[in-house]
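Subject: Structure handover

Dear colleague,

Here is the structure you asked about. My notes on it follow below.

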Amino acid sequence: MIHVNGDPLDWRAGMTVADVLAARNFKFPMLIVSIDGVFVAKADYRTATIPDGAEVKVVHLISGG
């Protein structure tokens, strides 16, 4: 089990950031993701794996003028 923004999500071996974003239906193009407080670069979303028990934070960036 992992937690995404405080909500539980079933974990599986090899789960990546991209898998979590798909599971939670996060489609916004400007996201900041951290795993246990460590920033994950967008280029690494498909390869960065998430350990069981991790706390994943996903933040939507908003810009405007």
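Two residues are taken to be in contact when heavy atoms of theirs lie within 4.5 Å. By that rule, and leaving aside neighbours within four places in sequence, Thr16 is in contact with Tyr45, Arg46, Thr47, Ala48, Thr49 and Ile50. Please keep in mind that this is a predicted model. Thr16 itself sits in the loop between strand 2 (7–9) and helix 1 (17–23). Is Thr16 buried or exposed? Its relative accessibility is 9%, and buried means under 20%, so Thr16 counts as buried.

The sheet

The model has an open sheet of five strands in the order 2-1-5-3-4, and the pairing is mixed. Strand 2 and strand 4 (38–40) are at the edges; each has a single partner strand, so one side of each has no neighbour in the sheet. On average, neighbouring strands of this sheet are turned by 30 degrees against each other, direction ignored.

Taking the pairs one at a time:

- Strand 1 (2–4) and strand 5 (55–60) run parallel, joined by two bridges. His3 stands opposite Glu55 of strand 5.
- Strand 3 (31–35) and strand 5 are antiparallel and pair over five bridges. Ser34 has Lys57 as its bridge partner in strand 5.
- Strand 3 and strand 4 are also antiparallel, with three bridges between them. Val33 has Val40 as its bridge partner in strand 4, and Ile35 stands opposite Val38.

Strand 3 and strand 4 form a hairpin with two residues between them. Asp36, in that turn, has a positive phi of about 50 degrees. How many of the five residues of strand 3 are buried? Four of them are, so strand 3 is largely enclosed by the rest of the structure.

The nonpolar core

In soluble globular proteins, nonpolar side chains tend to be buried together. The largest nonpolar core here holds 17 residues, and Ile2, Val17 and Ile50 touch the most other members. Strand 1, helix 1, strand 3 and strand 5 each supply at least two residues of this core.

Ile2 has a long list of contacts once its neighbours within four places in sequence are left aside. Among them are Asp7, Pro8, Leu9, Trp11, Met15 and Val20, together with Ile50, Pro51, Asp52, Gly53, Ala54 and Val56. Ile50 therefore appears in the contacts of both Thr16 and Ile2, as contact is defined above.

Salt bridges

Side chains of opposite charge can pair when their charged atoms come close. The count comes to two salt bridges in this model.

One of them joins the side chains of Asp19 and Arg12, at 2.8 Å from N to O. Asp19 has a relative accessible area of 27% and is partly exposed. Arg12 is partly exposed as well, at 43% relative accessibility.

The other is between Glu55 and Lys57, whose closest N and O atoms are 3.9 Å apart. The rule asks for a nitrogen within 4 Å of a carboxyl oxygen, so this pair is counted. Glu55 is partly exposed, with a relative accessible area of 26%, and Lys57 is partly exposed at 41% relative accessibility. These two residues also appear in the sheet pairing: Glu55 opposite His3, and Lys57 as the bridge partner of Ser34.

Regards

Key:
Residues numbered from 1 in each chain as written. Predicted model: local features only at pLDDT ≥ 70, side-chain atom pairs only at ≥ 80, totals over all residues. Heavy atoms only, no water. Helix = DSSP H or I, 4+ residues; strand = E, 2+ residues; numbered from the N terminus. Buried < 20%, exposed > 50% of the residue type's maximum accessible area, 1.4 Å probe, protein only. Core = buried A, V, L, I, M, F, W, Y, C linked by side-chain atoms within 4.5 Å. Pairing = 2+ DSSP bridges. Axes fitted to C-alpha atoms, helices over the stretch in contact; angles between N-to-C directions.
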